[in-house]
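I opened the coordinates today to take some notes. The plan was to go from the whole chain down to single residues.

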Amino acid sequence: MRGGKENLKRLQRSVRVFSDMTATRPSKIYGDTHYSRMLVDDVSNGLIPYRTRNGEEIIASIEPASKEVERIIAKGIGRDDYNWDLLGAVRDFLRDVTQILLAVGEAPYEIVYYSEAETEKIVGFDFSFIAPWTLRRKGSRWIQTIPKDYSEIVQN
């Protein structure tokens, strides 16, 4: 859910990844060469066609149909604040996930819910990417490890 969340409560357990944390990623991943970066970009840009071979438009829909649910999903998975079109949001999300999968090998996300502060009614969501090199499984739980200096900043 992009935009319009100033008065909402964000329910998230993981730590959002910022650019200064990306330096902690393992070496030998996405972008070792110019050609590997081009491959990832080309695949993600060509993943979803805009029309079928017959020239028909590609569609995305919610069953049963609901404009409100469509809007909530489009805002949750889309990458911008102004386009709440479901098909555009699905395309954007699949491109982003494809780039991450090709670059890193996995694409973990946390579903982050937004609720109204007074009523605690859930009114939207986001998918928040979690850097896979910060995650590990311990028994039935997931543990996120972040650099100590970064965790001190987050806690303050």
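The entries below run from the overall fold to a helix, a pocket and one residue.

**Entry 1: the chain.** I noted at the outset that this is a predicted model. I counted four helices and five strands in the chain. Reading along the sequence, I wrote the order down as β-α-α-α-β-β-β-β-α. I then looked up burial: of the 156 residues in the chain, 28% are buried. For the surface I have an exposed area of about 10,800 Å², with carbon and sulfur atoms supplying 54% of it. I also checked contact range. Taking contacts between residues at least 6 apart in sequence, 57% join residues at least 24 apart.

**Entry 2: helix 3.** I asked what span helix 3 should have, at 1.5 Å a residue. Helix 3 covers residues 86-104, which is 19 residues, so the expected span is 27 Å. The end C-alpha atoms are 27 Å apart, and I recorded that this agrees. Next I listed the buried residues of helix 3. At the start of the helix I have Leu 86, Leu 87, Gly 88 and Ala 89 as buried. Further buried residues are Arg 91, Asp 92, Phe 93, Arg 95, Val 97, Thr 98, Ile 100 and Ala 103. For reading such a list I kept in mind that an α-helix has 3.6 residues a turn, so residues three or four places apart point the same way. After the helix comes Gly 105, and I noted its positive phi, near 100 degrees.

**Entry 3: the second largest pocket.** I looked up the volume of the second largest pocket and got about 440 Å³. Its lining has 15 residues, and those closest to the centre are Ser 14, Ile 130, Leu 135, Trp 142 and Ile 143. Strand 2 (109-116) and strand 5 (141-144) are the elements that give two or more residues to this lining. The largest share, four residues, comes from strand 5. I sorted the lining of the pocket by class and found nine nonpolar, two polar and four charged residues.

**Entry 4: Glu 110.** I picked out Glu 110, which is found in strand 2. Is Glu 110 buried or exposed? Its relative accessibility is 15%, so I entered Glu 110 as buried, the cut-off being under 20%. I then looked up what Glu 110 touches, leaving aside neighbours within four places in sequence. Its contacts are Gln 12, Arg 13 and Ser 14, together with Asp 126, Phe 127, Ser 128 and Ile 130. Ser 14 and Ile 130 had already come up in my pocket entry, among the residues closest to the pocket centre.

Terms used. Residues are numbered from 1 along each chain as its sequence is written. This is a predicted model: local features need pLDDT of at least 70, side-chain atom pairs count only at pLDDT 80 or more; totals for chains, interfaces and linings use all residues. Side-chain values use heavy atoms; hydrogens and water are left out. The expected span of a helix is 1.5 Å times one less than its number of residues. Buried means under 20% relative accessible area, exposed over 50%, partly exposed in between (1.4 Å probe, protein chains only). On a 1 Å grid over the protein atoms alone, a cavity is a set of points where a 1.4 Å probe fits but cannot get out, and a pocket is an open set with protein on both sides within 12 Å along at least five of seven lines; lining residues have an atom within 4 Å of a point. Grid points are joined across faces, edges and corners, and a volume is the space filled by probe spheres set on the points. Ala, Val, Leu, Ile, Met, Phe, Trp, Tyr, Cys and Pro count as nonpolar, Asp, Glu, Lys and Arg as charged, and the others, Gly among them, as polar. Contact means heavy atoms within 4.5 Å. Accessible areas come from the Shrake-Rupley method with a 1.4 Å probe; for residues, only the protein chains shown count as cover.
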